[in-house]
Amino acid sequence: MQIRDLPYQDPGDPDVRSGPRFLVWLGRNQLKGQLASLSWGLFHQLALAGLPLAAGLAVQAVIDRSGERLVMCGGMILLLGIGIAVGDTMLHRTAVTNWITAAARVQQLLARRTAELGSALTRRVAAGEVVAVSTGDVEKIGWFVEALSRFAASAVALVLICVGLVLYLPSLGFLVALSVPVLALTVLPLLPRATRRADLQREKAGKATELASDTVAGLRVLRGIGGEELFLDRYRRASQEVRRAAVHSARMWSLISAVQVLLPGLLLIALVWYGAGLAHDGKIEVGQLVTVFNSAMLLLYPLRTVEEIAMAYSFSRPSAQRAVRVLSLRREQRDEQREPQHDERPAPATAGTTQEALPSGDLYDPVTGLLASHGLLTAVVCGDPDEAGRLAERLGGHAPAEDGPAGVRDANPVETAAAPVPSVLLGGVALDELPLGRARTAVLVQDKDPVLLSGTLRELLDVPASGAVRAEDALSAAYCDDVLDALAQASVDTDGDPMRTRITERGRSLSGGQRQRLALARSLVTDPEVLVLDEPTSAVDSHTEARVGAGIRELRAGRTTVVFSSSPLLLDLADRVVLVHAGTVVAAGHHRELLLTDPLYRSVVTRETEEEAAAPAAPPYGPGTDATDELNSFRKAGEIEERA
């Protein structure tokens with residue numbers, strides 16, 4: 001795999017049983033690149049090892065006053081120099097390629113898992129940790145994969161050089177061969193402590209990153225409540241803890257580096273002292289001493305890779321463990337479906353469910369008994385906002401198990417017996433049986449906190465869609481006139497064209513209501529068969545809410561739309577309203593009808609307390625109340641609530 005061939009068509013199915021197993025899986029999947037780097041590393045190391053031999057022969061040629069041998073040694077050194085240059089260049093090229101391709105593979109795996117889990121990911125893993133894994137941790141994992149082949153080449157070169165020295169000059173070669181393992185293994189007792197300190201540093205750095213990410217994400221709110229300095233102080237303390245942990249870790253690594261300088265230095269002193277005595281006694285030639293001494297000096301270079309691979313592993317292991325934590329998350333799979341238990345049943349599909357056509361028809365949830373009729377605007381009222389969010393996610397298909405705390409599960413948990421959860425049906429077709437992509441195309445769910453990616457407004461609205469809804473119509477239906485005006489005024493070099501104006505990350509330059517309406521326009525552009533909106537107007541005033549509700553109803557006419565809301569303005573616009581309580585549909589009908597006949601519905605929508613319900617005062621929405629006055633009173637109530 002070359003860098004120009006990225007991204008991978010299929011990054012593979014990773015081994016997520018542990019961090020070390022994940023690193024082994026990465027190395028195995030890049031075996032060709034590892035072998036290339038190993039080959040060039042050996043070529044480079046052996047070319048370096050040839051220099052001492054050529055230098056020793058050259059010195060001996062000078063002593064023997066042999067010009068012919070000296071010229072031959074010069075040519076040998078020239079060829080070795082070219083080999084060293086080529087080997088070093090190709091080693092660097094292949095090693096960096098391994099680094100980048102490994103990091104790219106991990107990033108693709110993380111992106112695929114993030115897209116699969118959706119909003120359920122951040123319920124199980126903090127957003128800051130996801131950011132840390134996809135940035136710094138990916139680089140450290142790539143570093144280990146890159147260093148692994150160079151370490152292997154250095155280890156093989158050490159063995160070959162030691163064997164060569166023993167054969168060339170046994171009297172000194174055995175001294176070097178016996179010393180090299182001692183030099184390489186001396187640092188092993190120090191590695192566990194250094195690894196623990198590095199792990200502690202990474203843990204504290206990860207927490208500081210999470211804190212910084214969460215602080216930036218909520219900066220607007222923090223400024224509003226005066227909590228900016230409080231969180232800034234928290235980050236200062238966290239960053240100081242990271243600094244102290246980094247210094248503590250660096251001391252241990254500096255000790256390891258010092259040991260790897262001191263012991264080889266002692267070896268060289270002993271080698272020179274012993275070799276000089278042998279040369280003085282005439283037992284070896286001066287050129288042989290020069291060859292062995294230079295070879296011993298060059299051995300220090302591959303020995304340094306022992307420290308590097310140990311450091312790379314100690315830094316990459318916790319990074320790989322964090323990556324595995326994200327990659328091991330899975331959505332629950334349903335193996336079978338239960339028969340619907342509610343009295344209502346979905347109508348037959350109006351379109352085929354072949355590979356070419358998406359299912360169409362009524363949307364039915366057998367768990368709660370919720371039925372959203374085909375082509376109608378259905379409003380769902382839940383007293384518990386968390387229950388509403390879980391139900392909205394279920395309606396999209398491939399939803400997590402109801403008992404899961406985060407909507408996802410680990411890939412390798414201890415299996416427990418659990419009854420299968422029936423799938424949501426669209427036109428009688430189980431969404432969980434469809435591929436995830438087709439299910440998402442058929443049913444689009446917009447949650448409470450949609451995210452706006454950075455880019456121009458045109459890029460924001462350039463999403464997979466049916467093509468039946470223009471961007472201008474979607475913006476008009478979401479009542480984005482003020483947003484377009486603000487973007488036009490903010491544009492500098494786009495000639496006042498709001499569609500070409502860049503939107504900052506997560507839309508932080510816009511108000512909460514403006515971000516919400518742009519996200520709604522993006523959902524409307526896709527024009528899915530079923531659109532599920534969870535509190536789409538919670539951040540706007542009642543005047544804007546009324547216009548947005550009317551726009552949704554008009555633009556989505558003839559398409560199935562489900563809106564989770566307790567706002568009287570939206571409920572009055574719905575064709576049908578469903579009340580869900582304790583995970584079950586308990587009432588269904590029109591908004592005004594339910595206000596008069598269902599006390600539970602009235603208490604949820606009007607925020608009526610038990611004391612107010614028990615009061616003997618005349619009901620505000622009795623038979624003698626004009627319907628127009630009734631709606632106006634609810635609009636005022638909704639306006640007060642939204643402003644609060």
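Among the elements of the protein chain, strand S12 (residues 560–564) has the highest mean pLDDT, 96, and helix H23 (residues 627–643) the lowest, 44. Here pLDDT is the predictor's confidence in each residue, from 0 to 100, and helices (H or I, at least four residues) and strands (E, at least two) are DSSP runs numbered from the N terminus. This is a predicted model, in which local features need pLDDT of at least 70 and side-chain atom pairs count only at pLDDT 80 or more, while totals for chains, interfaces and linings use all residues. Residues are numbered from 1 along each chain as its sequence is written, and side-chain values use heavy atoms, with hydrogens and water left out.

The protein chain has a mean pLDDT of 81, and 83% of its residues reach 70 or more. Two stretches are listed below with their contacts (heavy atoms within 4.5 Å).

| Stretch | pLDDT | Contacts in the model |
|---|---|---|
| Residues 617–631 | below 50 | 12 contacts, beyond near neighbours in sequence |
| Residues 633–644 | under 50 | 13 contacts, beyond four places in sequence |

Helix H1 (residues 19–29) and helix H3 (residues 67–117) have axes that come within 11 Å and cross at roughly 120°. That makes H1 oblique to H3, the class left after roughly parallel (under 35 degrees), roughly antiparallel (over 145) and roughly perpendicular (65 to 115). Axes are lines fitted to C-alpha atoms, for helices over the stretch in contact, and angles run from 0 to 180 degrees between N-to-C directions. From H1, Phe22, Trp25, Leu26 and Asn29 meet Ala102, Arg105, Val106 and Leu109 of H3.

The model has 17 salt bridges, each a side-chain nitrogen of Lys or Arg within 4 Å of a carboxyl oxygen of Asp or Glu. One salt bridge joins the side chains of Glu146 and Arg150 (2.5 Å, N to O). Glu146 and Arg150 are separated by about one helical turn, because they lie four residues apart in helix H5 (residues 127–168).
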